[in-house]
Amino acid sequence: MAEDGFLLYGSFLSAPSYRVALMLRLCGLRFDYRHVDLAAGEHKSPEFRAINRFGQVPALRHDGRVYVQSNAILQHLAAHADRYRGADPEERIAIAETMCWEADRLYPGLTRLRFFRRFLRAEPAVQDWFEGFATNGLAVLDELLDGRDWLVGSAPTIADISCYAPVAQMDEAGLKEADWPNIAAWTARMRALPGYAAPYDLLPQHSAEGL
Ligand SMILES: N[C@@H](CCC(=O)N[C@@H](CS)C(=O)NCC(=O)O)C(=O)O
């Protein structure tokens with residue numbers, strides 16, 4: 001177990017796994033990592049269901065407890081590290097609101113478009129439907145970032161880290177950051193944060209699952 005006592009279960013293909021790894025990295029917290037083989041169905045095994053009752057990655061073991069659901073894990077880490085958590089109660093509510101929206105509208109569209117386009121190579125009508133869902137989410141994100149550097153308050157928070165993870169893989173969904181100018185400027189700011197690492201640089205790849 002890493003000195004800081006964190007063990008992350010995840011997959012290099014998974015944006016929610018990446019967002020937890022990125023938060024740990026940005027907070028300077030060392031962690032051990034265990035790959036969960038989604039293609040082999042390892043996440044549905046009784047052994048893994050005993051770790052995460054929802055049968056999903058990521059999960060984070062810390063201090064004798066397992067934390068699940070990536071946005072809830074970010075909240076735990078923000079409180080633990082006292083980093084990226086917002087300046088006051090008003091900002092913390094706005095952060096929670098943004099992260100609920102992310103899980104509802106941003107992540108599902110982007111991740112499913114990526115999955116159906118890149119991995120399943122689904123028929124065009126399916127890809128088109130998910131492209132609409134994904135681009136609606138991106139349009140809202142672009143508006144939220146209009147005239148501001150960060151999603152909430154005047155400094156980066158877990159709301160930014162949450163939203164950044166699926167956006168970081170949008171090229172794999174066939175979308176270009178450059179088409180959303182406020183998003184493109186914000187991702188540049190995210191990539192300049194001390195400790196930042198890109199998805200495939202942060203989580204070891206397991207080539208058997210193929211990219
Ligand atoms: N809301 C969950 C979503 C996690 C999620 O969708 N994980 C995917 C991999 S990216 C997964 O485990 N999929 C398998 C499944 O849901 O059965 C979170 O944020 O942790």
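Select helix α4, residues 89–119, in this predicted model. With three residues, α4 gives the most to the lining of the largest cavity. To display the whole lining, add A15, L110, T111, R114, P166, Q169, M170 and A173. These lining residues divide by class into five nonpolar, two polar and one charged. The enclosed volume is about 50 Å³, and the structure holds one cavity of 30 Å³ or more.

Keep α4 selected and turn to the largest pocket. Here too α4 gives the most to the lining, this time with nine residues. The volume of the largest pocket is about 920 Å³. Its lining comprises 29 residues; to find the centre, select S14, L38, V57, Y107 and T111, which lie nearest to it. Two or more residues of this lining come from each of α1 (15–26), α3 (70–81) and α4. By class, the 29 residues comprise 13 nonpolar, ten polar and six charged. T111 deserves a label at this stage, for it appears in the lining of the largest cavity and also among the residues nearest the centre of the largest pocket.

What takes up the space of the largest pocket? Show the ligand: the space it takes is the largest pocket. Next, display the shell of 13 residues that surround the ligand, in which K44, V57, Q69, S70 and Y107 are the closest. Colouring this shell by class gives five nonpolar, six polar and two charged residues. V57 and Y107 are among the closest residues to the ligand, and both are also listed among those nearest the centre of the pocket.

Three polar approaches to the ligand can now be inspected in turn. Begin with K44, where a side-chain N or O atom is 2.6 Å from an oxygen atom of the ligand. Proceed to Q69, whose side chain places a polar atom 2.6 Å from a ligand nitrogen. Finish with V57: in this case a backbone N or O atom lies 2.9 Å from a nitrogen atom of the ligand. How much of the ligand does the protein bury? Taken alone, the ligand exposes 500 Å², and the protein buries 74% of that.

Stay at V57 and display the backbone towards P58. Is the peptide bond between these residues cis or trans? The bond from V57 to P58 is cis, with omega near 5°. P58 itself is in the loop that joins α2 (46–49) to β3 (59–62).

For the last stop, follow β3 onward to the loop between β3 and β4 (65–68), and select D63 there. D63 is not a glycine, yet its phi is positive, at about 55°. Both backbone features merit attention because most residues other than glycine have a negative phi, and most peptide bonds are trans.

Key
Residues are numbered from 1 along each chain as its sequence is written. This is a predicted model: local features need pLDDT of at least 70, side-chain atom pairs count only at pLDDT 80 or more; totals for chains, interfaces and linings use all residues. Side-chain values use heavy atoms; hydrogens and water are left out. A residue is near a molecule or strand if one of its heavy atoms lies within 4 Å of it. A polar contact is a pair of N or O atoms within 3.5 Å; within protein, one must be able to donate a hydrogen and the other to accept it, and residues adjacent in sequence count only if both atoms are side-chain atoms. Accessible areas come from the Shrake-Rupley method with a 1.4 Å probe; for residues, only the protein chains shown count as cover. On a 1 Å grid over the protein atoms alone, a cavity is a set of points where a 1.4 Å probe fits but cannot get out, and a pocket is an open set with protein on both sides within 12 Å along at least five of seven lines; lining residues have an atom within 4 Å of a point. A molecule sits in a cavity or pocket if more than half of its atoms lie within 2 Å of its grid points. Ala, Val, Leu, Ile, Met, Phe, Trp, Tyr, Cys and Pro count as nonpolar, Asp, Glu, Lys and Arg as charged, and the others, Gly among them, as polar. Grid points are joined across faces, edges and corners, and a volume is the space filled by probe spheres set on the points. Helices (H or I, at least four residues) and strands (E, at least two) are DSSP runs, numbered from the N terminus.
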